[in-house]
Amino acid sequence: AGLTRALLAAGQGELLSQVVAHALAGPERYPLTAAHVSALTALGPWLEKNVKKPSPAVSHWLDWCREQLEGLTAEEPQPPADFRRAAPVSCKCADCAELKRFLEDAQEKVHRFRAAEARRRHLEERIRGGSCDLDLRTERTGSPHTLVCTKNTASYKARLGMFHQDREHLAAIRSIEASVPQ
């Protein structure tokens, strides 16, 4: 944001175009939300107050961000249609194979693993490491204890939250676009 202000104030439109092109070419280094949207929203009030003639670099930057956000918000995420969940479990042991079958089962919501502590801990590590959509609790009655896995909608809720955040960002970018000369 500071560099953009300085280049615009100094009339260095071509250099600003190069900076914008560089930033747009490196999405892994300059992610949409963390780099572009945050810089543009910080710049917005300054652009509205100080930019009196069109800036091709700023227009290109805003267009690119708007297009990216429009793509991300084209369809609202839908909740899962059944109890099938992603099964990113790479371990091939018998317990993990059973876990994988459970995750892929469209009907089963809760599964119990009656197992010794080391086996339960192994399953918990694989579940957390794979970010599986499962709530875990241990029933401490009987021996061995039972790991109870209940499917949840955490991934859907995260996608929905990101969708709404992207819609807010899109509205902010459109507002900035409307406030600067084209």
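**View 1. Pro 144 lies in the loop between β2 and β3.** The model you are looking at is predicted: local features need pLDDT of at least 70 and side-chain atom pairs count only at pLDDT 80 or more, while totals for chains, interfaces and linings use all residues. Residues are numbered from 1 along each chain as its sequence is written, and side-chain values use heavy atoms, with hydrogens and water left out. Look first at the peptide bond from Ser 143 to Pro 144, which is cis, with omega near 0 degrees. In the same hairpin, where 6 residues stand between β2 and β3, Gly 142 takes a positive phi near 75 degrees. The names of helices (H or I, at least four residues) and strands (E, at least two) come from DSSP runs, numbered from the N terminus.

**View 2. Three strands, in the order β1-β3-β2, form an open sheet with antiparallel pairing.** β1 (110–114) and β2 (134–139) each have a single partner strand and stand at the edges, so one side of each is left without a neighbour in the sheet. On average, neighbouring strands here are turned by 20 degrees against each other, direction ignored. Two strands count as paired if DSSP finds at least two bridges between them. In general, strands of a sheet pair through backbone hydrogen bonds, either parallel or antiparallel.

**View 3. A closer look at the strand pairs shows β3 meeting β2 over 6 bridges, in the antiparallel sense.** Asp 135 is a good place to start, with Thr 150 in β3 as its bridge partner. On the β1 side, 5 bridges join β1 to β3 (residues 146–151), and these two strands also run antiparallel. Here you can find Arg 112 opposite Val 148 of β3.

**View 4. Helix α5 (residues 94–104) lies across β1, β2 and β3.** Its direction is at about 170 degrees to that of β1. Helix α6 (residues 117–129) packs on the sheet too, touching β1, β2 and β3, and makes an angle of about 165 degrees with the direction of β2. Contact here means heavy atoms within 4.5 Å. Angles run from 0 to 180 degrees between N-to-C directions, and axes are lines fitted to C-alpha atoms, for helices over the stretch in contact. In the loop between α6 and β2 you will meet Ser 131, which has a positive phi of about 50 degrees although it is not a glycine.

**View 5. Helices α1 (residues 2–9) and α2 (residues 13–24) cross at roughly 155 degrees, their axes coming within 8 Å.** That makes α1 roughly antiparallel to α2 (angles under 35 degrees count as roughly parallel, over 145 as roughly antiparallel, 65 to 115 as roughly perpendicular and the rest as oblique). The crossing of α1 with α2 is left-handed (the near helix is turned anticlockwise from the far one by less than a right angle; clockwise would be right-handed). Leu 3, Thr 4, Leu 7 and Leu 8 of α1 meet Leu 15, Leu 16 and Val 19 of α2. Sorted by class, this contact has 6 nonpolar, 1 polar and no charged residues (Ala, Val, Leu, Ile, Met, Phe, Trp, Tyr, Cys and Pro count as nonpolar, Asp, Glu, Lys and Arg as charged, and the others, Gly among them, as polar).

**View 6. α2 and α4 cross at roughly 20 degrees, with axes that come within 8 Å.** That makes α2 roughly parallel to α4. Their crossing is left-handed. From α2, Gly 13, Leu 16, Ser 17, Val 20 and Leu 24 meet Ala 57, Val 58, His 60, Trp 61 and Trp 64 of α4. These contact residues divide into 7 nonpolar, 3 polar and no charged.

**View 7. Helix α3 (residues 32–50) packs with helix α4 (residues 56–72) at an angle of about 130 degrees, the axes being 11 Å apart.** α3 and α4 are therefore oblique to each other. α3 passes α4 in a left-handed crossing. Residues making this contact include Leu 40, Leu 43 and Leu 47 of α3 and Trp 61, Cys 65 and Leu 69 of α4. By class, the contact has 13 nonpolar, 2 polar and no charged residues.

**View 8. Within α4, Arg 66 forms a salt bridge with Asp 63.** The closest N and O atoms of this pair are 3.1 Å apart. Arg 66 and Asp 63 are 3 residues apart in the helix, which means that about one helical turn separates them. In total, the structure holds 11 salt bridges, each being a side-chain nitrogen of Lys or Arg within 4 Å of a carboxyl oxygen of Asp or Glu.
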